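Please read the following report with the sequence and the model side by side. It goes through loops, helix, strands and charged pairs in turn.

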Amino acid sequence: MSEERNLIPCILTAVASVIVTVGSLWYYGYLHFAKPEDARLLAEFTMLKTIPGEDVKLALEPARQVAMCIDGVLVLFDSQQKGLSGVLVDDRKRAVRCAGQETPQEIR
């Protein structure tokens with residue numbers, strides 16, 4: 001009374017399920033395959049110096065990045081690619097600090 005099962009359809013179903021799941025996660029932006037160039041420069045920024053009495057002309061469309069102050073460091077998040085973030089640094093790779101927010105101190 002031993003009944004033999006054909007395992008090939010089960011194996012093919014499992015493989016197809018994994019492929020469809022990974023494809024869906026990648027398509028909707030929950031999965032990102034990182035490349036070496038992704039870990040480098042995300043965007044270039046220029047600081048515009050404000051001079052009293054002179055107007056600064058800016059584009060009406062905002063940048064793709066949103067900045068937050070986290071632990072006293074300015075962190076940029078990309079609004080179009082989920083999970084893509086980075087620390088804003090100067091030309092010597094020094095982190096740009098946030099003013100007006102103090103780093104939480106240890107309570108004694």
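## The loop after the helix

Gly29 is found in the loop between H1 and S1, in a model that is predicted. Gly29 follows H1 and has a positive phi, near 90°. With a relative accessibility of 29%, Gly29 counts as partly exposed, because the partly exposed class runs from 20% to 50% relative accessible area.

Although Gly29 and Gly83 are 54 residues apart along the chain, their C-alpha atoms are separated by 8.7 Å. Gly83 belongs to the turn of the hairpin formed by S2 and S3, and there it has a positive phi of about 85°.

## Helix H1 and its nonpolar surface

Helix H1 covers residues 8-27, and Trp26 has its place in this helix. The 20 residues of H1 should span 28 Å at 1.5 Å a residue, and the end C-alpha atoms are indeed 28 Å apart, so the computed length agrees with the expected one.

A nonpolar patch on the surface is formed by Val18, Val22, Leu25, Trp26, Tyr27, Tyr28, Tyr30 and Phe33, which together have about 960 Å² of accessible area. For the helical part of such a pattern it is useful to recall that an α-helix has 3.6 residues a turn, so residues three or four places apart point the same way.

## The aromatic pair

How many aromatic pairs does the structure hold? The structure holds one, and it is formed by Tyr27 and Tyr28, whose rings lie 5.0 Å apart from centre to centre with 85° between the planes, an edge-to-face arrangement. The angle places the pair in that class because planes over 60 degrees apart count as edge-to-face.

Are the two partners buried or exposed? Tyr27 counts as exposed at 62% relative accessibility, and Tyr28, with a relative accessible area of 56%, is exposed as well. Tyr27 and Tyr28 are also among the residues of the nonpolar patch on the surface.

## Strands and hairpins

Strand S1 (residues 65-70) and strand S2 (residues 73-78) run antiparallel and are joined by six bridges. Within this pairing, Gln65 has Asp78 of S2 as its bridge partner, while Val66 stands opposite Phe77 in S2. S1 and S2 form a hairpin with two residues between them.

S2 also pairs with S3, in the antiparallel sense and over three bridges. Phe77, which stands opposite Val66 of the S1 pairing, stands opposite Ser85 in S3. In the hairpin formed by S2 and S3, six residues lie between the strands.

## Residues with a positive phi

Most residues other than glycine have a negative phi. Against that background two residues deserve a look on the model. Asp71 is a residue other than glycine with a positive phi, near 55°, and it lies in the loop between S1 and S2. At 55% relative accessibility, Asp71 counts as exposed.

Lys93 is not a glycine either, yet it has a positive phi of about 65°. Lys93 lies in the segment after strand S3 (85-87), and with a relative accessible area of 68% it is exposed.

## Salt bridges

A search of the whole structure finds two salt bridges. In one of them the side chains of Arg64 and Asp78 meet, with 2.8 Å from N to O. Arg64 lies in the loop between H1 and S1 whereas Asp78 lies in strand S2, so the pair ties together parts that are 14 residues apart in sequence. Arg64 counts as partly exposed at 37% relative accessibility, but Asp78 is buried, with a relative accessible area of 13%. Asp78 is thus described twice in this report, as a salt-bridge partner of Arg64 and as the bridge partner of Gln65 in the strand pairing.

The other salt bridge is formed by Asp90 and Arg94, whose closest N and O atoms are 2.7 Å apart. Asp90 counts as partly exposed at 25% relative accessibility, and Arg94 is partly exposed too, with a relative accessible area of 45%.

Technical notes: Residues are numbered from 1 along each chain as its sequence is written. This is a predicted model: local features need pLDDT of at least 70, side-chain atom pairs count only at pLDDT 80 or more; totals for chains, interfaces and linings use all residues. Side-chain values use heavy atoms; hydrogens and water are left out. Patches are made of residues with over 30% relative accessible area and no salt bridge: like charges are joined within 9 Å, nonpolar side chains (Val, Leu, Ile, Met, Phe, Trp, Tyr) within 5 Å. Accessible areas come from the Shrake-Rupley method with a 1.4 Å probe; for residues, only the protein chains shown count as cover. A salt bridge is a side-chain nitrogen of Lys or Arg within 4 Å of a carboxyl oxygen of Asp or Glu. Helices (H or I, at least four residues) and strands (E, at least two) are DSSP runs, numbered from the N terminus. Rings of Phe, Tyr and Trp (its six-membered ring) pair if their centres lie within 6.5 Å; planes under 30 degrees apart count as stacked, over 60 as edge-to-face and the rest as tilted. Buried means under 20% relative accessible area, exposed over 50%, partly exposed in between (1.4 Å probe, protein chains only). The expected span of a helix is 1.5 Å times one less than its number of residues. Two strands pair if DSSP finds at least two bridges between them.
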